[in-house]
Structure formats: structure tokens, C-alpha cells
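User: Could you take a close look at one part of this model for me? I'd like to hear about the salt bridges and where their partners sit.

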Amino acid sequence: MITVSLISLGCAKNLVDSEMMIGHLHQAGMSVIPDAEKANVVIVNTCSFIDSSKEESIGHILEVTKNRGMRKRNKDQKLIVAGCMSQRFSKDLPDSLPEVDAFIGLDQITKIVPVIEEIYAKERGKNEAPKSFIEGKSTWIPDYDTPRFRLTPKHFAYLKIAEGCNHPCTFCIIPQIRGRHRSRTVESVVAEARRLVAEGVKEINLISQDTTYFGMDTWEQRPNPRTPVDSSRGTALTTLLRQLNAIEGDFWIRLLYTHPAHWSDELIKTIAECPKVARYIDIPLQHISDRMLGLMQRETSGDYIRDLIKRIRAGIPGIAVRTTFIVGFPGETDADVEELCQFIRETKFERLGVFRYSQEEGTRGAKMPDQIPPKIKEARWHKTMALQKEVSSAVSATFVGKTLRVLVEEPGVARGEADAPDIDGRVYIDKKLPVGEFINVTITGHHDYDLLALPKGIEPREYKVAKQAQ
Ligand code: F3S
């Protein structure tokens, strides 16, 4: 039996792709093992978002080939490079990484088994280049019955509702890698969600490049992406959320990667009316200065964003807003950074991440004048992050004394509705609790980004006495 090991890098979208490759391998009777050294085939599913992700991907590829070279046994191991880096550099990689046996892109996920069979059946000639199976731009989209083996813990899952992106952001390479936006149908997503809930999943994280664009690619008259949507109009996303909310069972639905340009009042109303949709939204804003939003081609303005955040907070009581900003984009001045800092101070985002701009080959931003030196980017990053640390600490303090419903991740660690997996804070509970269950806890303290808690019903004073008596 052929044994395969898969190294999954990059974001949750790539993780779902890895899960689907493993699903196909299992279906074909291949065995997937964690130890790459022992496997007949290693697949590295790469990321290519910024320089550091490319470096990480190449590092893993070279490590596999180095280990293979050092071993006497298993030196015939095959190496397949998949994912975003493979898709992005499909023309160059076979020459620059001759140690690899095959390259596949995003549309060959379902063909992983025949690819393995092919490279196994035919020994490569000494000077023969690695085979690339990538053909043109990515157009594929998974369906509810695409084989998949989940790699996340039993209680949470990612559900990819669309693939690709139609936005023109000048800093981002992803649309060139993942292709035009294409949505799954509402029925397909609901069918998959039903299965996940039946399998015991307690949190479904909806993902795509822009979840708010879900279904808009199928509108007869596609909206001009530069014009915000008709605010009163229901969209496929609002229909989807209402149908997911109607699935029986105790679970959360979390909406990740929303684009501010496609929010509508109807979406705000829908989230407010669907109790299973977590009181949490992820809305990458990237900047607040009109000049920077224009240079980044974000299809929004400072006034629009300020008004949208107000409408979201007023329409969905208790909502936690997560965003990300980029500092050091070409042409950014001290005044732009000051405006951003002022916005962070005033808005008090519950969750916030800041990225230093990365000059990515193939993007329009990379060719812009007035690139910012790394030292200045670094200083701006520190300034904004330090500011957010204060905001986060103040936000965390408001939870002390409150009761929160949390999902237990590990025996003493949980997440609340305001904490998405992998990116946000944690709730630390001084008691071993059943993993994958919802419980109510009382918040007793906090660090900057994390909360401390006791199971509801245990008072901090009683707890201290009981601890001392142990
Ligand atoms: Fe994700 Fe990296 Fe591709 S962030 S979409 S795996 S470039």
C-alpha cells in the first residue's frame, strides 16, 4: 500500500484543500501517515502570499529532499509540490526545483491519486525535468460530496463557500493565484453543513476570499465591484445564513473574511436575527486614510467604513469586530499613520491584527513609487500594535465578572464567540473540562488578549479556599 504524508502550509483555505486531497487518498485506499520520513510520497501544500510564506514553503521542500538524500532506505520517496506557490510560479518552479517529482496546482486537488500513480509507474530519466500537471488558471470549486478528511479538531470545521477573488486590491497576489470568484450554491453549502453538524461539529467557520461576495458572481447583472451593494437587498449570503441557522443542533456559525464594500443592512439584520451566527465579524479594512484606500484600490472610503462599523455595532448588540490593517504601503505618510492610530483609538476594535506591507512581485503595489523602507514599516507596525495592546487590555477588562458561553478547546482552554480558531485570544479555565462541549464560565481576570475564568457556579473566593485546602 502506498503511504503518503502531507505538510499543509498557509491559511484555512489551503487547509481545506489539504483535507480534500487526503479525502481522495483515503478513498483510493492509500494510507496517510504523519511521519514524512517514512512515507512513500510527501506532498507539500504551499503558500505564496508574502515573502516569508514562500520562504517557509521552500524550506519545507528542501528539508524533504535533504532528508531523502541522507537516507539509505526510502531514498526513492516521491515529492509533490501543491498549492498556491506551485500555482503562482507554475512556469518557473520545475526548473528551479528539479528535486521535486511533480507540481500540481489548485485544480488538480481531485486528481492527486492519478498523479501519484503516474509518477510511481514511470521512473524519471536522469536529466528529465519534474512533471507539472498545472493547466492554466484555476477555475475549480468543491461541492458538498467532494471527498474530505478533516484535519481540525472534531468540534470545529472550516467550510469553503466560494473560491477565487474579483477584487483589485493593489497589494494582493491571491486573485492571480486563485482565479476569479466562483460561489458554491446555497444548497451545496447547506448540505455540507448538515453533515458536519451530524458529525458533531460545534463551530462552522465560513471561509472564502470574500464571503460577502458569496453568490454575487452569479447575479445576472454583476454589480460593479466599486459600488457598494444596495443595502436593503438580500443576497445569497443572507439566504445561506438563515438556512444554516435553521439546521437543528447546538452550534455556532462564524463568518470570516468579509469585505467592507459588500456589507448591507440586510446582512446586519440577518446576523442579528440568527442566534447561531456568532456575535463576531471579521472585516479586513486595511487602512482608514482615503488616500491609502484609493492607492490600495479598496473600493471603500474612510467615511463609508466609519459609518459601516457604527451600523454593525448598532444593529448587532454584543458584536465583536475583528479587523486587519496594513502599514508601510507605498506612499503612506506619517499623517496617514496618525489617522489610522486615531481610528484605532476611537473605534476600539475587539480584535485587531496589523501587517507590514510586503512588496509582492506581480502586484501593482510592487511597482508603485515611494516604497517605504523596512525600518519605517517596522516602527509603524510597533506603534499600531502597541496602541492595540492597550485597547485589547481595556476590552478584556470589560468581560471580568460576566458570564460567557465558551467552547472547550483543550481540557483547560476554551474560546468564546469573540475568538476565532488560531487567530484570536483564549479563555483559560482552571479546571479540566470536556473538550468540544459548550459551557458557561464566569470571567475572573484577564491578560492583554486572553481571559481567565472559572466554571459558572464556582465563586472565586470559594475556589481559592478549596484550592488552599487541597
Ligand atoms: Fe492562503 Fe497563502 Fe494561498 S494565504 S490563499 S495559502 S497564498
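Analyst: A salt bridge here means a side-chain nitrogen of Lys or Arg within 4 Å of a carboxyl oxygen of Asp or Glu. Keep in mind that this is a predicted model. Arg415 and Glu409 make one such pair, with their closest N and O atoms 3.2 Å apart. Both ends are tucked away: Arg415 is buried, and Glu409 is buried too.

Now for Arg148, which pairs with Glu19 at 2.7 Å between the closest N and O atoms. Arg148 sits in the loop between β6 (131-132) and β7 (156-160), while Glu19 belongs to helix α1 (residues 12-27), so this bridge ties together parts that are 129 residues apart in sequence. How accessible is Glu19? Its relative accessibility is 0%, so Glu19 counts as buried. Arg148 comes in at 18%, and since buried means under 20% relative accessible area, Arg148 counts as buried as well.

Lys122 and Glu128 have another setting. They also form a salt bridge, the closest N and O atoms being 3.4 Å apart. Lys122 is exposed, with 54% relative accessible area, and Glu128 is partly exposed at 36%.

Salt bridges can also link up into a network, and Asp17, Lys160, Glu163 and Arg178 are joined that way. What is the overall count of salt bridges? The structure holds 37 of them, and the pairs described here are among them. As for the general idea, side chains of opposite charge can pair when their charged atoms come close.

Definitions and conventions
Residues numbered from 1 in each chain as written. Predicted model: local features only at pLDDT ≥ 70, side-chain atom pairs only at ≥ 80, totals over all residues. Heavy atoms only, no water. Helix = DSSP H or I, 4+ residues; strand = E, 2+ residues; numbered from the N terminus. Buried < 20%, exposed > 50% of the residue type's maximum accessible area, 1.4 Å probe, protein only.
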